[in-house]
Each structure stands twice: as structure tokens, then as C-alpha cells.
Amino acid sequence: MYGAADESESIATIHAAVDAGVTLIDTGDYYSSGHNELLIGKALRDRRDRALISVKFGAMRAPNGDWLGYDARPAAVRNFIGYSLVRLGVDHIDVYRPGRLDSEVPIEDTIGAIADLIKAGYVRHIGLSEVGVETIRRAHAVHPISDLQIEYSLVSRGPEAAIFPLLRELSIGVTAYGVLSRGLLSGSTPQAGRDFRAYLPRFSADNRAQNQRLIDTLRALAAEKGATASQLAIAWVLAKGATIVPVIGARTRAQLSESLSALSIALSAEDLARVEAAIPASAVAGLRYGESQMRVLDSER
């Protein structure tokens, strides 16, 4: 989805991450129609016990990569995990979660199906992704939810209002994706080909030009810490709570190394306040997804 990738470098990057102490590998069975699971399976073949695997399921894709809809029926849940276990080459998945809310299927039915998979030994923990307060409560009433995956960054702070307080109440953790707003905060631009960011509002020509001011501000603040903009953005997420784990989308060892260096950046309460005042989420130009996608996100309701 971000353009061409080199498989040997991808595997080397996963190996480097695990060797550096990274203990969570996140994927989706629909990432490149199963190719990402196959890649992770190869990379973790001799080190499965050193990493937890989190898998999202539910999205359906055509051979050309087009999205075909979403299916979280209990029968579909059992079908999807069967294929994931084979592609990953494992006997269980540590965190299994619907990638989105299926508006046609009660969340209780989906979570109940995963709970059955836990009883059968195929799943260890249940997660959710991009859902709102009501859905979280309903799901948690069926089976304890361990984690919510949701977009969270300096410029995407919506979960702070109602979702994060509920997660603290229920002792549910967070895996935060999009911590760099898909590379926007690092100054990245969409690559030629099938880079889906070309269709995201924040990367459109006018919005990208306006957002450059935020990028420049972040770079200046990072320089004061002897860091890059990416490192400061990741360090900010790390500093927002011990139960928030940032998902790092590194495809090369160089990207991974830069991201992991964020662990050495200590941000005080004063630092956080200064960064947030200089880069308010309200200043970003463009939604995090297109309007049609935003309308169907349960987390945005």
C-alpha cells in the first residue's frame, strides 16, 4: 500500500526488530491479500517464541487489490483464522481482532466467535480496532478485551475525548497506529504507483502545503532534542501513557533504527505541553481518511 518493497530487506527488518527487543508484530490478513502474513511467517519461523502476533481480519479484497467489503460473521471469523494460521505457520494467534465494525453483524456475535477460538486454543486474547465507546462496552461484556488498535498521533487526537477514558476504566490497552500520520509528520510524500496515501486528504496538494508548516515546527522542536521529527512524534506517543504502544511501520532496517531511537527521548510534562501547543491537532489540514471512509468508522461516531 506504500509502493514496492524488497522481501529480503523486509525480513531483515523484522529480524532486527525482534533482536532489538520488539515483542509485538501487527498485521492484517488482508494486507496484500495474505502476503504480509506469509512474510511474517518466514521471518518468525525460528523465533516465534520471541514475538506476539496481532492479526486483524474481516476486509475482503479482489485479485487486483480492490476492497470488496467487510465480513465479521462467526462463520467468516472461523474461516479467516484457518487461513491465517497456515500462512503464518503458527498454531495460535496472540491477539485476534476485527479490523473494523461490521454494521451488518452484532459485535456480540463476532466477539463470541473469537471467544470460542480462545477455548479451542487458536487465540490467546481479543482485540478491537477503530471502534467507539458503545461498541467497546458491548464487546467487553461478552469477553474481556485486551487491546484497542486506533489511529493516534500529534495530529489525530480524537480518542482522547471519550475512548481513552473508557479504556482506562476497563483496563484495556492501546496499540496506536498512524503515529506519524502515515509519514506526513516525517515529511514523507506518496510514491509513484499504488501508494494509497495519494488518495488521503492530508496528502493532497493544497493540504500538504499547509501541513508543511506543522512539519517544519516539529522538525525545529526535534532539533532542540537532537532528534528527528519522526523520533519526536513517536516519543510523544510513548510519553502519553504506559498502556499505549506505538505501531511502527518500518519497511527497512534504517527506518527501524531511526524509530527505535525515540526510546531514548525523555519528554517532561512541560515538553509535552510545549509540543502540543506548537502543533495543535486542530491545525492539521485534511481528514485522516476520505469522507466516505470517515462516515463508516465506528470510532468517529
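## Exercises on a predicted model

Aspartate 71 sits in the loop between strand S4 (67–70) and H3. The model is a predicted one. The exercises start from this residue and then move through the fold.

**Exercise 1. Work out whether aspartate 71 is buried or exposed, and list what surrounds it.**

Step 1. Take the accessibility. Aspartate 71 has a relative accessibility of 12%. The cut-off for buried is under 20%. Aspartate 71 therefore counts as buried.

Step 2. Look for side-chain partners. The side chains of aspartate 71 and arginine 73 are joined by a polar contact of 2.8 Å.

Step 3. Skip residues up to four places away in sequence. Aspartate 71 then touches Gly58, Met60, Ala76, Phe80 and Asp102.

Step 4. Add a long distance. Alanine 20 lies 51 residues from aspartate 71 along the chain. Their C-alpha atoms are separated by 36 Å.

**Exercise 2. Place alanine 76, one of the residues touched by aspartate 71, and relate it to asparagine 36.**

Step 1. Find the element. Alanine 76 belongs to helix H3.

Step 2. Assign burial. The relative accessibility is 5%, so alanine 76 counts as buried.

Step 3. Compare sequence and space. Asparagine 36 is 40 residues from alanine 76 in sequence. From C-alpha to C-alpha, the two are 20 Å apart.

**Exercise 3. Determine which residues of helix H2 are buried, and what they pack against.**

Step 1. Set the range. H2 covers residues 35–43.

Step 2. Pick out the buried positions. These are Glu37, Leu39, Ile40, Gly41 and Ala43.

Step 3. Name the packing partners. The buried residues of H2 pack against two helices, H1 (7–19) and H3 (74–88). They also pack against strands S1 (24–28) and S2 (52–57).

**Exercise 4. Examine the backbone angle phi at serine 33 and glutamate 130, then contrast their burial.**

Step 1. Recall the background. Most residues other than glycine have a negative phi.

Step 2. Read the angles. Serine 33 is not a glycine, yet its phi is positive, about 55 degrees. Glutamate 130 is not a glycine either, and its phi is also positive, about 55 degrees.

Step 3. Locate both. Serine 33 is in the loop between S1 and H2. Glutamate 130 is in the loop between strand S6 (123–129) and helix H5 (133–142).

Step 4. Check exposure. Serine 33 has 46% relative accessibility and so counts as partly exposed. Glutamate 130 has 0%, so it counts as buried.

**Exercise 5. Describe the surroundings of two charged residues in strands, arginine 97 and glutamate 151.**

Step 1. Start with arginine 97. Its strand is S5 (residues 93–98). At 1% relative accessibility, arginine 97 is classed as buried.

Step 2. Follow the side chain. The side chain of arginine 97 reaches the backbone oxygen of leucine 128 at 2.9 Å.

Step 3. Survey the contacts beyond four places in sequence. For arginine 97 they include Ser54, Phe57, Leu128, Asp147, Gln149 and Thr175.

Step 4. Turn to glutamate 151. Its strand is S7 (residues 147–151). Its relative accessibility is 1%, so glutamate 151 counts as buried.

Step 5. Find its polar partner. The side chains of glutamate 151 and serine 156 make a polar contact at 3.5 Å.

Step 6. Survey its contacts with the same exclusion, neighbours within four places. Among them are Glu130, Tyr177, Arg182, Arg202 and Arg288. Glu130 is the residue with the positive phi in Exercise 4.

**Exercise 6. Show what packs around alanine 176.**

Step 1. Alanine 176 is in strand S8 (residues 173–177). With a relative accessible area of 0%, alanine 176 is buried.

Step 2. Leave out neighbours within four places in sequence. Alanine 176 is in contact with Ile150, Tyr152, Val237, Ile244, Val245, Pro246 and Val247.

Step 3. Take valine 237 from that list. Valine 237 and alanine 176 are 61 residues apart in sequence. The C-alpha distance is 8.1 Å.

**Exercise 7. Test the whole protein against the expectation for a compact globule.**

Step 1. Count the elements. The protein has 11 helices and 9 strands.

Step 2. Compare the radius of gyration. A compact globule of 301 residues would have one near 19 Å. The protein has 19 Å, which agrees.

Step 3. Add the box. Along the principal axes, the C-alpha atoms fill roughly 50 × 40 × 35 Å.

Step 4. Check burial and contacts. Of the 301 residues, 49% count as buried. Among contacts between residues at least 6 apart in sequence, 73% join residues at least 24 apart.

Step 5. Finish with surface and charge. The accessible surface is about 14,000 Å², and 53% of it belongs to carbon and sulfur atoms. The 33 positive and 35 negative charges have mean positions 1 Å apart.

Definitions and conventions
Residues numbered from 1 in each chain as written. Predicted model: local features only at pLDDT ≥ 70, side-chain atom pairs only at ≥ 80, totals over all residues. Heavy atoms only, no water. Helix = DSSP H or I, 4+ residues; strand = E, 2+ residues; numbered from the N terminus. Rg over C-alpha atoms; globule rule 2.2 N^0.38 Å. Buried < 20%, exposed > 50% of the residue type's maximum accessible area, 1.4 Å probe, protein only. Contact = heavy atoms within 4.5 Å. Areas by Shrake-Rupley, 256 points an atom, 1.4 Å probe, with all protein chains shown as cover. Lys, Arg positive; Asp, Glu negative; His and termini not counted. Charge placed at Lys NZ, Arg CZ, Asp CG, Glu CD. Polar contact = N/O pair within 3.5 Å; in protein donor to acceptor, adjacent residues only side chain to side chain.
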